[in-house]
Amino acid sequence: MRMRFLLRAGTLAAMLALAGPVVQAQSVAPGKVVVAGDVPDESTRQAILARVRELYGPDRVIDQLGVRSLAAPPNWAQHVQRVLHPDLKNVTRGQLDIRGNVVEIRGEVTSDAQRQQVLSQLRSQLSNPTYTVRNGLRVTAAGQEQLDAALANRIVEFEPGSATLTATGQQVLNDLAGVIKRMPDRRFEIIGHTDAQGARLSNLALSAARADAVKSYLTAQGVPAALLGTSGAGPDRPVASNDTAEGRARNRRIEVRAISQ
């Protein structure tokens, strides 16, 4: 699993009206761990990097972590290190946010027992009653493999800069509709993604509009609208680098997730 850690302190926390630093960790692709953001001092930076390297292996860690003159609450670095626990590697498509004393984890696990294990470890590692752990973990629904296969190495294509499907995109969705209709006991989340070029808010709006367009097309193919939810992630969940044309093309995508009823 590739996990992206984005560590921010002080200034951003104030912008978000939160006490203390903000930590975000997001899994985006297999093989590497990207550690990014800003921390208050070099000793904190080295301590966090050492923990991530211990957890995932030094060859898998990409260091993009900086140091700025920022205020952090007492023992912040120690709390971050404790939260970086091996059980996080059981979460796929995951995201971990620490905002002040609120910890939120999102992503997918293979069973309810695994979900409870991850949450229990987070709470026990923090061992601080002032912290709140919010659960956004989902148990992967049966049928996800078929959805992934229907979209593997294929692009749900849109006209440039718009939410208008091309003929190629429609053909991919025709095949996807057939897969979805074979799973009437599941609900599905359609998630639009963009690359990082342009304004983030515009990309968020475009990704949401494209997810809505996919829902409309699937509904026209006979998929019940009540089974389909939509959201737009914009550029926030990349699966490749936005520094290359190839990477940006991979990041512009539609994702469909099966959800248990």
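# Strands, salt bridges and a cavity

Strand β8, which spans residues 186–193, is mostly covered, since seven of its eight residues are buried. A residue is called buried when its relative accessible area is under 20%, exposed when this is over 50%, and partly exposed in between, as found with a 1.4 Å probe on protein chains only. Strands (E, at least two residues) and helices (H or I, at least four) are DSSP runs numbered from the N terminus.

The model is predicted, and local features are therefore described only where pLDDT is at least 70 and side-chain atom pairs only at pLDDT 80 or more, whereas totals for chains, interfaces and linings use all residues. Residues are numbered from 1 along each chain as its sequence is written, and side-chain values rest on heavy atoms, with hydrogens and water left out.

## Parallel strands and their crossovers

Strand β8 pairs with strand β9 (residues 228–234) in the parallel sense, over six bridges; two strands are said to pair if DSSP finds at least two bridges between them. Within this pairing, H193 stands opposite G234 of β9. Together with helix α7, which covers residues 200–220, β8 and β9 make up a right-handed β-α-β unit. A crossover is called right-handed if, with the strands pointing away from the viewer, the path from the first strand over the helix to the second runs clockwise.

Strand β3 (residues 33–39) is also mostly covered, with six of its seven residues buried. The strand β3 runs parallel to strand β4 (residues 61–67), to which it is joined by seven bridges, and D38 has G66 in β4 as its bridge partner. On its way from β3 to β4 the chain passes through α2, and this β-α-β crossover is right-handed.

## Salt bridges

A salt bridge is taken to be a side-chain nitrogen of Lys or Arg within 4 Å of a carboxyl oxygen of Asp or Glu, and by this rule the count comes to nine. Side chains of opposite charge can pair when their charged atoms come close. Several of these contacts are set out below.

| Pair | Distance, N to O |
|---|---|
| R51 and E54 | 3.3 Å |
| R154 and D175 | 2.9 Å |
| R257 and E255 | 3.8 Å |

Where do R51 and E54 lie? Both belong to helix α2 (residues 42–56), where they are three residues apart, which is about one turn of the helix. R51 counts as buried, because its relative accessibility is 17%, while E54 counts as exposed, because its relative accessibility is 61%.

The side chains of R154 and D175 also meet in a salt bridge. This pair links distant parts of the chain, for R154 sits in the loop between α5 (144–151) and α6 (167–181), whereas D175 is in helix α6, 21 residues apart from it in sequence. R154 is partly exposed, with a relative accessible area of 33%, and D175, at 34%, is likewise partly exposed.

In the salt bridge between R257 and E255, R257 is buried, with a relative accessible area of 3%, and E255 is buried as well, at 12%. Elsewhere, E42, R45 and D63 are linked in a network of salt bridges.

## A cavity beside helix α4

A cavity is a set of points, on a 1 Å grid over the protein atoms alone, where a 1.4 Å probe fits but cannot get out, and its lining residues have an atom within 4 Å of a point. Grid points are joined across faces, edges and corners, and the volume is the space filled by probe spheres set on the points. The structure holds two cavities of 30 Å³ or more, and the second largest has about 30 Å³ of space.

Which residues line the second largest cavity? They are V83, H85, D87, L88, V118, Q121, L122 and Q125. Helix α4 (residues 112–126) supplies the largest share of this lining, namely four residues. By class, the lining divides into four nonpolar residues, three polar and one charged, where Ala, Val, Leu, Ile, Met, Phe, Trp, Tyr, Cys and Pro count as nonpolar, Asp, Glu, Lys and Arg as charged, and the others, Gly among them, as polar.

## Residues apart in sequence

D112 is also found in helix α4 and is partly exposed, with a relative accessible area of 39%. From C-alpha to C-alpha, D112 and T140 are 9.5 Å apart in space, with their positions 28 residues apart in sequence. G143 has its place in the loop between β7 (132–139) and α5, and it counts as buried at 6% relative accessibility. G143 and A258 are 115 residues apart in sequence, while their C-alpha atoms are 6.7 Å apart in space.

Notes
1 Å grid on protein atoms, 1.4 Å probe; cavity = no way out; pocket = protein on both sides within 12 Å on 5 of 7 lines; lining within 4 Å.
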